[in-house]
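Colleague: I would be grateful for a close look at one part of this model. Please take a single ligand site, describe its surroundings, and then treat the strands of the model in the same detail.

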Amino acid sequence: MIKNICCIGAGYVGGPTMAVIAAKCPNIKVTVVDLNQKRIADWNDQNIDNIPVYEPGLGEIVLESRNKNLFFSTNVDEAIDEADLIFISVNTPTKTYGSGKGMAADLKYIELCARQIARVAKNDKIVVEKSTLPVRTAEAIKSILDNTGNGVQFQILSNPEFLAEGTAVTDLLNPDRVLIGGENSVEGQKAIQKLVDVYANWVERDKILTTNVWSSELSKLTANAFLAQRVSSINAISELCEKTGANVNEVAKAIGMDSRIGPKFLKASVGFGGSCFQKDILNLVYIAKSFGLNEVADYWEQVIIMNDHQKRRFSRNIVKTLYNTVADKKITFLGWAFKKDTNDTRESAAIYVADDLINEQARIAVYDPKVESNQIQTDLNYLESRSASENEKATKCFDNPYDACKDAHAIAILTEWDEFKTYDWQKIYDNMLKPAFVFDGRNLLDASKIKEIGFIYQSIGS
Ligand code: NAD
Ligand code: UGA
């Protein structure tokens, strides 16, 4: 039986996942470790509002177990040494250098973890891939562990995470399925069973799926590719709707009622963001290409091409509608996070739309309920389109939406935060320059009410 779990990586996956395991398995000691001292200090902050990941319900669940059987620490060696089972939950970003640059997953953090585990481990351990990894990564991990370790036995499992940000806690408490891949040997099956027993503390047994390692690794990339493909598919149709007088919300409803298609993930938008969809599809494309499967690679790459087009189309439309110039005009962004109910901004469409508009010399005002101004600067600086001081000059952050919208030429809705629907839109209108425009990148507002106030309102796909 597993008594002691270590999780390397205290990010958006490691933190919430381990908090739920600790809450559901009071007899297991769970230690989440990270090299990032500030992140660990924030997870240990007495004020629960300061934990580094914002997720509805997460604060409560962390408080339930923190410093009882859930610990956050920077002492990676100690946690590895104590653990029977180690989750690797570090970041696996797209490579920014060398071969596979811009496509392949950068596995340097994974390899560092494997080497550290090999160096420290003095007894047999189960090592679990929680990070999203290219198919057959377990082979590399096993080779490092077996060839650099202290002669102890390692079993490698793949247990990808399917939580979505903004709903992480409910997804973890009630997963559609838990996927565990392992070796088809006696030792492999024993290791699988031990991890099954951990999840069985709260997940129904028939939702815990066991497969071979390669199926598990590839299923994770495939799931994200299918989800992103739905968004790109409906976004492609949204452009056609705009030309033909069809309404994409009506089309989505009509097709979604076909039980074979289903209603979820059919919301047209300014484009999907988040740290994973693009990265995982690029990775899939890279793997397909590396096997010479060019048609397979091209098929999936089109999902990304469509998404880039959708973001660009949104910014170009703003410029065109504002009489072909936004120079020195104030455009207010409502929302910067890549979706509602998270403070995560990685790959958010807002970043790319802002970048395009700043190129056109617009002044960008931003209000997001959970994103702070230094994050917005970091995101823009990361693109390296211009100097940090130029980005700072072109953007201004507000902690109140009404101030953010005052004297604006236009509002762009980039994130579907529920609170945007409840604003006093008449008051916002009264304080804007006229004509006052709203570009709704999330089809969030009630079009007829907004138009009645006097706004010129444009949504996606109608
Ligand atoms: P993250 O960047 O939020 O967290 C990763 C953490 O790992 C960072 O805090 C980093 O400091 C730490 N780290 C890196 N190398 C380390 C090392 N050698 N030792 C100790 N700590 C180290 O990333 P994330 O969003 O939690 O994603 C982690 C993985 O999970 C990725 O592979 C991602 O694709 C996958 N995933 C993410 C989500 C999501 O919603 N974010 C969902 C499912 C799967
Ligand atoms: C996604 C998957 O949903 C998770 O199952 C997976 O674990 C995770 O990626 C991951 O591997 O990181 P996440 O990116 O957190 O989760 O959030 P989603 O709800 O999938 O949204 C992704 C993006 O698509 C957001 O920008 C969202 O606004 C957009 N989206 C989603 C749409 O534009 N329309 C939709 O109908 C649905």
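Modeller: The following account begins with the second ligand, continues to a group of strands, and ends with the first ligand. The model is a predicted one.

Ligand 2 is surrounded by 20 residues. The closest of them are Phe162, Leu163, Ser269, Cys276 and Arg442. By class, the shell around ligand 2 comprises eleven nonpolar, three polar and six charged residues. Helix α9, which spans residues 213-244, contributes the most to this shell, namely four residues.

Several polar contacts involve oxygen atoms of ligand 2. An N or O atom in the side chain of lysine 220 is 2.8 Å from an oxygen atom of the ligand, and a polar side-chain atom of asparagine 224 likewise lies 2.8 Å from an oxygen atom of ligand 2. Glycine 273 takes part through its backbone, where a polar atom is 3.0 Å from an oxygen atom of ligand 2. Taken alone, ligand 2 exposes 700 Å², of which the protein buries 90%.

The strands may be described from β13, residues 437-440. In a regular strand, side chains alternate between the two faces of the sheet. Both faces of β13 are covered: Phe437 and Phe439 are buried on one side, and Val438 and Asp440 are buried on the other.

Strand β13 pairs with β12 (residues 410-413) in the parallel sense, over four bridges. Within this pairing, valine 438 of β13 is the bridge partner of isoleucine 411. The two strands and helix α17, residues 425-430, make a right-handed β-α-β unit.

Strand β13 also pairs in the parallel sense with β14 (residues 456-459), again over four bridges. Here serine 459 of β14 is the bridge partner of aspartate 440. Together with helix α18, residues 447-453, strands β13 and β14 make a right-handed β-α-β unit.

Ligand 1 has 25 residues around it, and Asp34, Arg39, Thr92, Glu165 and Lys279 come nearest. Its shell divides into nine nonpolar, nine polar and seven charged residues. A polar side-chain atom of arginine 39 lies 2.7 Å from an oxygen atom of ligand 1. Glutamate 165 has a polar side-chain atom 2.7 Å from a nitrogen atom of ligand 1. For lysine 279, an N or O atom of the side chain is 2.6 Å from an oxygen atom of ligand 1. Taken alone, ligand 1 exposes 830 Å², and the protein buries 92% of that area.

Note on methods:
Residues numbered from 1 in each chain as written. Chains lettered and ligands numbered in written order. Predicted model: local features only at pLDDT ≥ 70, side-chain atom pairs only at ≥ 80, totals over all residues. Heavy atoms only, no water. Near = heavy atom within 4 Å. Polar contact = N/O pair within 3.5 Å; in protein donor to acceptor, adjacent residues only side chain to side chain. Areas by Shrake-Rupley, 256 points an atom, 1.4 Å probe, with all protein chains shown as cover. Nonpolar A, V, L, I, M, F, W, Y, C, P; charged D, E, K, R; others polar. Buried < 20%, exposed > 50% of the residue type's maximum accessible area, 1.4 Å probe, protein only. Pairing = 2+ DSSP bridges. Right-handed = clockwise from strand over helix to strand, strands pointing away.
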